[in-house]
Amino acid sequence: MENNTIQQSYIYDAFISYRHTNPDILIAEKLHKLLETYKTPSHLIKQGKKSGLSRVFRDKEELPTSSDLNSDIEDALQQSRFLIVICSPRTPKSKWVNSEISRFKELHGSGRILAILIEGEPDESFPQELFGMSKENKVTEPLAADIRAENTHRSLKKLKTEKLRILAPILGCKYDELRQRHRERELRTKMMISTALSIFFLLFGAFTLYQLKLVKESEQKALSAESIALSEMSRYQLASGNKLEAMKLSLDALPIDVENPERPYIYEAEVALYNAFYSRPYQGRIILKGHREKIQHLEFSRDGSMLATASEDYSVIIWKTANGYKLTELIGHTGPVVHCHFNSDAKKLVTSSMDGTVRIWDTQTGLELAVFGDFKSLKSSVFSPDDSSIITDSRIGYQWWDSLEGKELSRFETDNTKYVECFNIENGLAVVTEINLQPLTPEEKYSNYVMNIKEGKRLSEIDLQESRLIISRFSADGTKLVTVVNDSVDVWDTQSGYHLIELDAVAKAPINVAFSPDGDYVVGESDQDIIYIWDSSSGKKMKEVTKARLTRYNWKLIDEGKDSFRLHFLPDLFASDKAVSFNSNGNLFVLYSSNDTVQIYSIDGTGFGYSSTRIVDGPKAKPQYALYSPDDAFLAVSYDDNSVCIYETHPGTDNIFSENICGYTQDIFNSEGTKAISNKEDGKLIIWDITLGVAAHEFPVEDQYNSLGAFSPDGRKIAGSYNDNKILLWDAETYMEMAVFSGHESQVTSLVFNHNAELLAAGSENGSVRVWNTITGKLLWKFENVNGSIFDMAFNPDGTQLATSSGDLSDETNGSADIWCLSTGKHLMALQYNSDGNGLNMDLNTLDLFTFKPQNVEYNTSGSKLICFSTTDTTVHIVDTATFTECLSIGSTTGFKGAVFSPDGLNIATLGINNFIEVLDAETGKRLMDFGSPGNTGYVIRYSHDGRWIMAVYFDGTHIYDVKTGNELIVLEQYEWYSDGGFSLDDQRVFLSTYGQRAYAWDLIISPHELARNAREYLELCGY
C-alpha cells in the first residue's frame, strides 16, 4: 500500500539539481536520459518493484518559459520523491543548488537526497546542506555515486554503471541485487544482439557467398570452355605435326597448381597432353635454320647431345640436339666446308674444307685451336678414338697427324710413279687403288689393297681381275668389304682378301653400296633411281625399291677400338642427292624417295619391309642427307632450303633388346620391369638389366638350346627349360641354381608359377603337365592331356586349381580347356570338341563345342571364374569354377583374338577379329563400351594392374586407352611385329615382345600431374 501511495503522491521520481556549467550540464543531461530510459529487470518487477522511473525533473528540460522560476521549482521539489545532486567543486558556489537542497530537506527530509561526485573531494564538492547529523551528533555524508575520472568522457562512461547506485534506493532494492540483475540482463542483451548480428552476417555472408559462387561458376564455365577449345587446338596442332605447340596448348588447358587450381580440371586436356607427349615417332621435330648455302655434312657428338652442320657458306654450326638451340658458329674457312667430326668428349671439332685446310675448334668458345696446311681435294678428317691423332683423307691418299702438336706421323699418297685412290677409310682400314703411271704390263695397271692405316701395311689384296674399282664399303666390324666393279657386286674377307660371295646380278651396277650395321644386308643404289637389298651371306636379292636414291653418306660412329677409324665421303662426289641411314640395330633405315618424302622401311629375317612404309612429315623442301644419333633417339635430316630437321625417333623407348627372347608372354619380364629373359642358340639363357641395357647374367648350358624362360610373380625365381626336357630353377638375385626338374618326355611349351612361387607348372608338347613344389623340389602331380600341345596355363589365386589350354596346330585333334584340382589331382572340367556335334554336355562337367581350339585361360582375381577362348572359336566362355558350369558366353560373328578380366573382376575386355575392343559386364555380358583402332590388325589385349588403362597391340604399334572413356591416350610406335606385351607391376613401364624374338621397353607416366610436370620440363629444355 505504501508503494501505491507514493506512486500516486509524486509526479517525479527524482529531481536533478546541478550547477549550470560544464561539465556538470553534460553529466546532468546524460543522467536524465539514463534514468528515464532505464528498464527494471524482470526478476525485480516480479517482486513488486517499479518497472522503471516514470519521470525525472531537470530544470533545463522541465521549467516553462516564466519569469517566476522559484514557484516552478518549488512545485517540482514538492512533486519529487528523491533529490539527486551533481557535485563538483563548482556546486557549493551555486545558490540555486543550495536552496533546492535546503527546501527538499524541509519538504521530505534528508533521507532521500542522493549525490553524484563528478570532480574533487567530498569536502570541497558537497554543498554544506548535504551534510547531516547522526544520532550521536556526528556529521554524515549523503549516499553518493562516484564517477570521478581523468576526463569527462571517462566520467560519462563510469556513469553508465554508477547510475545503479542512484536507481537502487529509488526502486527500493539493494544495490548489489540490482547490479547482479543488471549484469544478467546486459549479458542476455549482448547475447541477443550478438545472435542477431551473427544471423545478419550469416545471411549477408551466405548471400555474398552465393553471389561469389555465381561469379565463380560463371568464371569456371568460361575457363572450362577455354580449356576445351585449347584441347581441340592441341589436337589440331598435333595432327599437323607440331608436337611442341600441341603440348603447350594442352598444358595451358590444365591447372598449374594442383593443390590450388586456377582453372577447372578438364579431362579432354589430359587426353590431349597424353596424345602430345606420347605422339607417334618422327612427329616431334625441331627445325634448324642458320645456314645460307647448301649443307654438306651432318655429325652428332658421340653422346648425341650436339649436332654439327657443315655448309657451303664456309661455316659450321653446332646445335643442341634436344631443343635446337644454336650453341656456336665456327667461322674461318675460306671455302665450302665438306666434313666435320667431334672428338670423344665433344669439346673439340675437326673440320675439312675445299679451301684445302683442316681446322680444329673449341666447341664451347668457337675459337680456332689449330690449322693443318694445304691439301688437295680434301674429303674428310676425323679424330682417333683416343683423340691423340687425326687422319685426313683426300682424293690422292691419306695422312696421319698428331692432333696436339700438328706433327705428321705417316702418309700414303700419289707420287711420281703411281696414282693413289682411297675409296673409304673405316675401322683403321682403307681400300686403296694404285694406278701405275709407268708403261708396264696391263695386269699391273690397277692394284687394289686393304691397308692398315696406322702401320702403313697391306693386309690383303682384292683381286678384281684388272678392273677398276667403282665403289667399296666396309662392314661395321671391318671384317667384310663389298665392292662394285663393272656389273659385279662382291663381298670379301678383309683380312685374307678371300672372295666370299657374289651378290645376285642386277640390271645396272650400283654406284653406291652400304652394309647394314649388323653386316647381314647390303644396300645398293643405281643411277636409275633403284635401291637393291641383298642378303650378304646368301647373295640373294631380297628387294627392289624404285624411284629412290641414296648418298654415300656415312651413318656410323667411329668404333671404340683404339686404332679404329671411320671416314666420310663428300656427298657431292655422286649425282645422288637423296639419303639413307641405318639405325644402330640395323632394323630400320630411312629412305628419301624421288617423291621427296622421308620413308621408314624395315629389314627382317624373311624379306625387306612390311606391307606398308611409314612416312616422316618434314618441311616442304626436298630432303638431302640423313643421320641417326648414336642412341637412335633422334634423326637429323637436311633439306635443300638450307635447313635441318631434328626428329624424335621413338620418344619413351627405354631399351631395345636385339637378342632372342624366350617365349611371347609377360613372364619374360620380372614384376618390377627391371630385368628380361632372352636366349641364344649357343645354349645361353641371358638375363638383361633393362635399366642399364646390359646383360646382367648368362646361364651356360653346354650343347643345349634354350626353349623357354620365365620369372616368378615376385621376381625372386627364374625357371628355364631346355631341349632335353629338363627345367632348371635359379635364384633371381644370386643366379644360384636352386633345383632341377625332369620327367617330361617332350619339349616344354609352357611354364607358370603360382602367386607365391611355391608351385611351378610345366606343360609339354605331348600334352602332359607336371607340377612341382619349388621349395622341396618334390613332384606333386602329373596330368595327362590327349588334346595336343599345352598352349597356356594359369593357377587360381589360392593355388588349389590349375587351368590349362591345349590343342594341335596341325588340326588332327581338337583342343580343350581343362581344370585340375591340386589337392586331389582330380580332373574337374574339360571344355572340348564333341565329335557327334550334340553340343554342351554339362552332366559330365564337360563343355563340348564344335571346332574349339582354346589358346588362353585366365582366372579372375577371386578365382571364382575362368575365361576360356580360342582364336578359332567365335565365343568367349566364362566358367564358374565352383560348379564347373558355363555361366556366361559372349558370342561374335567374327571371333576373338583375346579376352581378359579387369583387375577387379567386374568387367571383361575382348579384342575381336574386327580389331575393336569391347568392355562388357562380367555378370551379364552387357556391352559397356567399345573402341579401338579400325583398319589395323590387333594381336594382344591387356589391362594395367590398377585397371585404369587397356593396352592393345596393333600392326601400327601399341595403343593404350583410358578404360572409363575409351579415349586413346598413348601410341607406342611399332618397330617389329609384336606378339605380346604387358604392364610392369607398378604400371610405370610397358614391355613388348616380337615375333622376331626381341623385347622393347617403354617408361610410362601414369599420373597426369607427373605427366604435366615432365611436359613443362621438356618444353623448357626445348626453349619453347
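What follows is a walk through the packing, the charge pairs and some of the strands of this structure. The model is a predicted one.

The nonpolar packing is a good place to start. The largest nonpolar core counts 36 residues, and Tyr-278, Ile-970 and Val-990 have the most contacts inside it. Helices and strands both feed this core: two or more residues each come from helices H9 (175-239), H10 (243-252), H11 (267-277) and H12 (1008-1021), along with strands S69 (949-954), S71 (968-973) and S73 (989-994). Helix H11 gives the largest share, at 6 residues. Zooming in on Ile-970, and skipping its neighbours within four places in sequence, the contact list reads Tyr-274, Asn-275, Tyr-278, Trp-949, Thr-958, His-959, Ile-960 and Leu-1004. Another core, this one of 30 residues, lies apart from the largest one; Leu-34, Leu-44, Tyr-175 and Leu-178 are among its members.

Helix H11 deserves a second look. The helix is mostly covered, with 9 of its 11 residues buried. Those buried residues are Ala-269, Glu-270, Val-271, Ala-272, Leu-273, Tyr-274, Asn-275, Ala-276 and Phe-277. Two of the names on that list, Tyr-274 and Asn-275, also turn up among the contacts of Ile-970.

Glu-270 of H11 leads on to the charge pairs. This acid forms a salt bridge with Arg-948, and the closest N and O atoms sit 2.9 Å apart. Arg-948 belongs to the loop between strand S68 (938-943) and S69, while Glu-270 belongs to H11, so the bridge ties together parts that are 678 residues apart in sequence. The two ends are not covered alike: Glu-270 counts as buried, at 5% relative accessibility, whereas Arg-948 is partly exposed at 22%.

In total, the structure holds 24 salt bridges. Side chains of opposite charge can pair when their charged atoms come close. For the salt bridge between Glu-74 and Arg-103, the closest N and O atoms are 2.6 Å apart. Here Glu-74 lies in helix H5 (residues 69-78) and Arg-103 in helix H6 (residues 95-108), so this pair links parts that are 29 residues apart in sequence. Both partners count as partly exposed, with Glu-74 at a relative accessible area of 22% and Arg-103 at 27%. A further salt bridge joins Arg-148 to Asp-146, with 2.8 Å between the closest N and O atoms. Partly exposed is again the label for each end, given 28% for Arg-148 and 29% for Asp-146. Salt bridges can also share partners, and in that way Asp-13, Lys-50 and Arg-81 are joined into one network.

Turning to the strands, one open sheet is made of 4 strands in the order S9-S10-S11-S12, with antiparallel pairing. Its edges are strand S9 (295-300) and strand S12 (326-331); each has a single partner strand, so one side of each is left without a neighbour in the sheet. From one strand to the next, the twist averages 15°. Strand S11 (residues 315-320) pairs with S12 over 5 bridges, in the antiparallel sense. Within that pairing, Val-316 has Leu-330 of S12 as its bridge partner.

Strand S40 (residues 634-639) is another story worth telling. Of its 6 residues, 6 are buried, so the strand is largely enclosed by the rest of the structure. In a regular strand the side chains alternate between the two faces of the sheet. In S40, Phe-634, Ala-636 and Ser-638 point one way and Leu-635, Val-637 and Tyr-639 point the other way, all of them buried.

S40 also has pairing partners to describe. Strand S39 (residues 623-628) runs antiparallel to S40, and 4 bridges join the two; Pro-623 has Tyr-639 of S40 as its bridge partner. The hairpin of S39 and S40 has 5 residues between the strands, and Asp-632 takes a positive phi near 65° there. With strand S41 (residues 643-648), S40 pairs in the antiparallel sense over 5 bridges, and Ala-636 is matched with Ile-646 of S41. In the hairpin of S40 and S41, with 3 residues between the strands, a positive phi near 70° falls to Asn-642.

Key
Residues are numbered from 1 along each chain as its sequence is written. This is a predicted model: local features need pLDDT of at least 70, side-chain atom pairs count only at pLDDT 80 or more; totals for chains, interfaces and linings use all residues. Side-chain values use heavy atoms; hydrogens and water are left out. A nonpolar core is a set of buried Ala, Val, Leu, Ile, Met, Phe, Trp, Tyr and Cys residues joined through side-chain atoms within 4.5 Å. Buried means under 20% relative accessible area, exposed over 50%, partly exposed in between (1.4 Å probe, protein chains only). Contact means heavy atoms within 4.5 Å. A salt bridge is a side-chain nitrogen of Lys or Arg within 4 Å of a carboxyl oxygen of Asp or Glu. Two strands pair if DSSP finds at least two bridges between them. Axes are lines fitted to C-alpha atoms, for helices over the stretch in contact, and angles run from 0 to 180 degrees between N-to-C directions.
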